[in-house]
Amino acid sequence: MNSHKEVNIPKIEQSILKISNVVKEVTVFIHDNHLFALIYPDFQEAKNRKIIRLENEIRWYAIELYNMKVKNDQKIKGYQIVQTPLPKDAKGEVERSELEKFMKEQALLCGNVEDKPKDKVYQSIKNFLSTLTIEPITAASHLELDLHLDSLNYIELFTFIEKSFGVPINEAQFSQMMIMDVLCHYVNEKKQKITITDINWKTILSEKISFDLVYFPLFSMLYKTLFFPLYKLYFSLKVSGSENFPEQPCIIAPSHQSMLDGFILAAALPYDVLKKTFFLAFQVVFDTKIMRLIIQNSQNILIDVNKDLKISMQKSTVPLKNGQNLVIFPEGARSRDRELLEFKKFFAILSIELDIPVVPVVLDGTFESMPAGKLFPRPSRVIIKYLDPIYPKGLSYDELAAKVKEAIHEEMIRDPLHN
């Protein structure tokens, strides 16, 4: 592709290696007419840092951090994480002529491994995992990279192992045994019983936890009174659809383009909705002195996706069970190009299991004002549209997540902010 002729491939590779110490080897080449990266992680470093979402770490804190700093023709538009070192010649240089073949071999690697019969623990865990993934499961399977398990799957797996074998597992322990055979060996050593137990989200979410909501509506009311007029002026902010909030508690699910989104939404919610609304916030984002002060004095629930996954999700049910609303950004991360990311089914599970409607929200324009990597917003038109509530009855988790995403997407197409 002509636009890539002047791209300095070795410089890109060195940039990515400098950004992330979880990337051990990387090679960049043209694949399907765009820049593509093959990445061999430093699995030991991932263990040292107790990372259980390695793909997420590499995507957002290596590839996307690099992409934020470069022009469009230098951006990495696709990548594949591999589990063996990259092919090299006698001099230790990457054999670029072998990359396409190597990539295909890696994709088939796990599926081609013969799975020898194992004991009851192994077979039970394998049978359970087969309900979570369509990928072939072998003793050599990496639970994330091969089986594509996500944070929610981990919660289900931890619960299954604890209920069935009496072996509690936390994220720090799990980060050291991400290979199927290693996990099963650990469970075999620690097991207190073998009582295979059915696991579902209703029972997980109904478990009692020690967590009390901290109501602080005064701060939110004050914040809205002071900042809403400023946002209207600075961003030409237009808000519509406030009549779509139901009388009952609801999950408010906005699109996510910028770090501004939570702050603008908090100011734009109607007073009667805001005073009974809690916001879900990621600890990794708000773990600073100033942000902690804000969080402690407003109606927020901090969660840590790399620690206490199950408790974090259970805490999210508390405001909804107590007649409050909950704001969840379904994409889980900011869009890097205004396009909607995949909607995680976290919010859909809460909606269905608690029978709580979802109010989709179009929050558009903040990408132009403050895209990822910028420290201060510039004036740019922003709109917020509260759409008709979507009720969960008769829908699966995936169907509900897709329906909410579709509602937001269709509204953005029907009434585009930027043509």
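In this predicted model, helix α16 passes helix α18 in a right-handed crossing. Helix α16 spans residues 346-354, and helix α18 spans residues 397-414. Two packed helices are described by the angle between their axes and the distance between the axes. For α16 and α18, the angle is about 115 degrees. Their axes lie 8 Å apart. On the α16 side, the contact is made by F347, A348, I349, S351, I352 and E353. Helix α18 contributes Y397, L400, A401 and V404. By class, this contact has eight nonpolar residues, one polar residue and one charged residue.

Two sheets are described next. Strands of a sheet pair through backbone hydrogen bonds, either parallel or antiparallel. One open sheet consists of seven strands, in the order β4-β10-β9-β5-β8-β6-β7. Its pairing is mixed. Strands β4 (238-240) and β7 (300-303) stand at the edges. Each has a single partner strand, so one side of each is left without a neighbour in the sheet. Neighbouring strands of this sheet are turned by 20 degrees against each other on average, direction ignored.

Within the seven-stranded sheet, β6 (residues 277-282) pairs with β8 (residues 325-327). The sense is parallel, and the pairing runs over three bridges. F279 has V327 in β8 as its bridge partner. Helix α11, formed by residues 261-268, packs on the sheet. The helix touches β4, β5 (251-254), β6, β8, β9 (358-364) and β10 (383-386). The direction of α11 makes about 60 degrees with that of β10.

The other open sheet has three strands, ordered β1-β2-β3. Here too the pairing is mixed. Strands β1 (23-31) and β3 stand at the edges. Each of these has a single partner strand, so one side of each is left without a neighbour in the sheet. The twist averages 20 degrees from one strand to the next. Strand β1 pairs with β2 (residues 34-41) in the antiparallel sense, over eight bridges. T27 stands opposite L38 in β2. Helix α1 (residues 9-19) packs on this sheet and touches β1 and β2. Its direction makes about 145 degrees with that of β1.

Strand β3 also takes part in a pocket lining. The second largest pocket has a volume of about 490 Å³. Its lining comprises 20 residues. Nearest the pocket centre lie E64, N67, K75, R336 and D337. Helix α3 (54-67) and strand β3 (78-81) each supply at least two residues of the lining. The largest share, five residues, comes from α3. By class, the lining has 10 nonpolar, three polar and seven charged residues.

Enclosed space was examined as well. Rolling a probe the size of a water molecule over the atoms shows where empty space is left. The count comes to one cavity of 30 Å³ or more. The largest cavity holds about 30 Å³ of space. S255, H256, Q257, E331, S335, R338, E339, L340 and M412 line this cavity. Of these lining residues, two are nonpolar, four are polar and three are charged.

Terms used: Residues numbered from 1 in each chain as written. Predicted model: local features only at pLDDT ≥ 70, side-chain atom pairs only at ≥ 80, totals over all residues. Heavy atoms only, no water. 1 Å grid on protein atoms, 1.4 Å probe; cavity = no way out; pocket = protein on both sides within 12 Å on 5 of 7 lines; lining within 4 Å. Points joined across faces, edges and corners; volume = space filled by probe spheres on them. Helix = DSSP H or I, 4+ residues; strand = E, 2+ residues; numbered from the N terminus. Nonpolar A, V, L, I, M, F, W, Y, C, P; charged D, E, K, R; others polar. Pairing = 2+ DSSP bridges. Axes fitted to C-alpha atoms, helices over the stretch in contact; angles between N-to-C directions. Contact = heavy atoms within 4.5 Å. Left-handed = near helix turned anticlockwise from the far one by under 90°.
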